[in-house]
Amino acid sequence: MSFAVSADAYDRFMGRYSVPLASVFADFTGVASGNRVLDVGCGPGALTAELVTRLGDQQVAALDPSATFVEAVRARHPGVELHRSGAELLPLADDTFDAALAQLVVHFMNDPVKGLSEMRRVTKPGGVVAATVWDFDEGGSPLSLFWEAARSLDTGAPGEATLPGTRRGHLAMLLHEAGMGDVDEAVLSVTVEHHSFEDWWDPYELGVGPAGSYLSTLASPARHRLMERCHELLPTAPFVVTAVAWAARGSIPPR
């Protein structure tokens, strides 16, 4: 599995879904004008851009372990405070932010409870920690059809349904374990139109994330069979993909 890709590759593969998700996720978190907010695992900046629009760049900080993604966000949003870091050891002081948010990243943390605990540490008492992850377990992810097709041809295809936070209720459980109070949940969804099969398929060839990494391991005949199987399962173009994500938020108790 790899995120050692260009920002453009990630944007083409996941940005088509993560950009509209950022708006509904920000609504769910309740961030408001005057808040200072941290975007954990920012990638090339889908959520960062939404927060800058709502709050202004001086009110937003972001971090990611990928140097490529950090540089992309720096170029796109030069006023945002940026750090190259994983979630499990944040290079930030206690009680710094009104909210710490993680969009499409908890399932890739090495230790999700530790990562969420660090987000709690840097958030002020009374503030919010929130996360959202695609629904892989019940098939709502925008990548679920790809994995359905892959498993129909290869029973060893890994999928992403076993990753943390990808099943109903698990994000809330992780937030509780990380010490958050008043945890509540929501189901978020976005719709994205694809004008052709190639518009949907071609970004998988860019090697992004578990799906792209899996595809890159296949020899050409197997890749072609998987492409054809996806084509069979998808509606005739143009078609709309409805992408569903789990979301949970919790408040920071008094110290």
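## The largest pocket

In this predicted model, the largest pocket encloses about 630 Å³ of space. Its lining is made up of 41 residues, and those closest to the centre of the pocket are Phe-3, Asp-64, Leu-104, Val-105 and Phe-108. When the residues of this lining are sorted by character, 25 are nonpolar, 12 are polar and 4 are charged.

Several helices and strands contribute to the lining of the largest pocket: at least two residues come from each of α1 (7-29), β1 (37-40), α2 (46-55), β2 (60-64) and α8 (209-216). The largest share belongs to α1, which supplies 4 residues of the lining.

## The second largest pocket

The second largest pocket has a volume of about 160 Å³, and 13 residues line it, with Ser-141, Pro-142, Leu-145, Leu-234 and Val-241 lying nearest its centre. By character, the lining of this second largest pocket consists of 8 nonpolar residues, 4 polar residues and 1 charged residue.

Here the elements that each give at least two residues to the lining are α5 (144-153) and β7 (239-251). Of the lining of the second largest pocket, β7 provides the largest share, with 4 residues.

## How α1 meets α3

Helix α1, which gives the largest share of the lining of the largest pocket, also packs with helix α3 (residues 67-76), at an angle of about 90° and with the two axes 9 Å apart. Because angles from 65 to 115 degrees count as roughly perpendicular, α1 and α3 are described as roughly perpendicular to each other.

On the side of α1, the contact is formed by Ala-7, Tyr-10 and Asp-11, while α3 brings Thr-68, Phe-69, Ala-72 and Arg-76 to the contact. Among the residues of this contact between α1 and α3, 4 are nonpolar, 1 is polar and 2 are charged.

## The buried residues of α4

Which residues of helix α4 (residues 112-121) are buried? They are Pro-112, Gly-115, Leu-116, Ser-117, Glu-118 and Met-119, where buried stands for a relative accessible area under 20%.

These buried residues of α4 pack against both strands and a helix, namely the strands β1, β4 (97-103) and β5 (123-134) and the helix α6 (170-177). One of these partners, β1, has also appeared above, as an element that supplies at least two residues of the lining of the largest pocket.

Definitions and conventions. Residues are numbered from 1 along each chain as its sequence is written. This is a predicted model: local features need pLDDT of at least 70, side-chain atom pairs count only at pLDDT 80 or more; totals for chains, interfaces and linings use all residues. Side-chain values use heavy atoms; hydrogens and water are left out. On a 1 Å grid over the protein atoms alone, a cavity is a set of points where a 1.4 Å probe fits but cannot get out, and a pocket is an open set with protein on both sides within 12 Å along at least five of seven lines; lining residues have an atom within 4 Å of a point. Grid points are joined across faces, edges and corners, and a volume is the space filled by probe spheres set on the points. Ala, Val, Leu, Ile, Met, Phe, Trp, Tyr, Cys and Pro count as nonpolar, Asp, Glu, Lys and Arg as charged, and the others, Gly among them, as polar. Axes are lines fitted to C-alpha atoms, for helices over the stretch in contact, and angles run from 0 to 180 degrees between N-to-C directions. Angles under 35 degrees count as roughly parallel, over 145 as roughly antiparallel, 65 to 115 as roughly perpendicular and the rest as oblique. Contact means heavy atoms within 4.5 Å. Buried means under 20% relative accessible area, exposed over 50%, partly exposed in between (1.4 Å probe, protein chains only).
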